[in-house]
Amino acid sequence: MTNNVKKDIGLALLRILPSVMMLTHGIPKLQNLIAGNFEFADPIGIGQTPSLFLTIIGEVICPILIIIGYKVKWTTIPSIITMLVAAFVVHSDDPFAVKEKAFLYLAFFIAIMILGPGKYSLEKK
């Protein structure tokens, strides 16, 4: 196995695994939205419904696009912003152990943004 193949497999794993895990946080929010439950935190003062909608973009729509490798450098941005808000606003008063998950996702999405999607993606870069 050549180094390029190893690199591309590594990029695919880096892109796919955290995004699939992120879906476990976003899908319940999407289900609430579909069920008509718009109650959600308003961490940045734009209202509960817009906050919920933006969170679903960052935790469901963009991770799906990242998984398939479509416009990865752009689709990581909403997920990065969502994790910044989670870590520094929503959990600002919580201990690090609570913030840690948001920081890990943040690190993954920043790395994906910097490194790109790799060969095993729709972009094939």
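This passage describes the packing of helix α4 against α1 and α3 and the nonpolar core in a predicted model.

Residues are numbered from 1 along each chain as its sequence is written. In this predicted model, local features require pLDDT of at least 70 and side-chain atom pairs pLDDT 80 or more, while totals for chains, interfaces and linings use all residues; side-chain values use heavy atoms, without hydrogens and water.

α3 and α4 (helices are DSSP runs of H or I, at least four residues, numbered from the N terminus) pack at an angle of about 160°, with axes 9 Å apart; axes are lines fitted to C-alpha atoms over the stretch in contact, and angles run from 0 to 180 degrees between N-to-C directions. α3 is therefore roughly antiparallel to α4 (over 145 degrees). By class, their contact (heavy atoms within 4.5 Å) has 17 nonpolar, 2 polar and 2 charged residues.

For α1 and α4 the angle is about 140° and the axes are 10 Å apart, so α1 is oblique to α4 (outside the ranges under 35, 65 to 115 and over 145 degrees). Residues of α1 including Leu 11, Pro 18 and Met 22 meet residues of α4, among them Tyr 105, Phe 109 and Ile 112.

The largest nonpolar core (buried Ala, Val, Leu, Ile, Met, Phe, Trp, Tyr and Cys joined through side-chain atoms within 4.5 Å; buried means under 20% relative accessible area, 1.4 Å probe, protein chains only) has 13 residues, of which Met 22, Met 83, Ala 102, Tyr 105, Phe 109 and Ile 112 touch the most other members. Two or more core residues come from each of α1 (3-34), α3 (72-90) and α4 (96-115). Met 83 touches Met 22, Glu 59, Ala 102, Tyr 105 and Leu 106, residues up to four places away in sequence not being counted.

Definitions and conventions: Buried < 20%, exposed > 50% of the residue type's maximum accessible area, 1.4 Å probe, protein only. Nonpolar A, V, L, I, M, F, W, Y, C, P; charged D, E, K, R; others polar.
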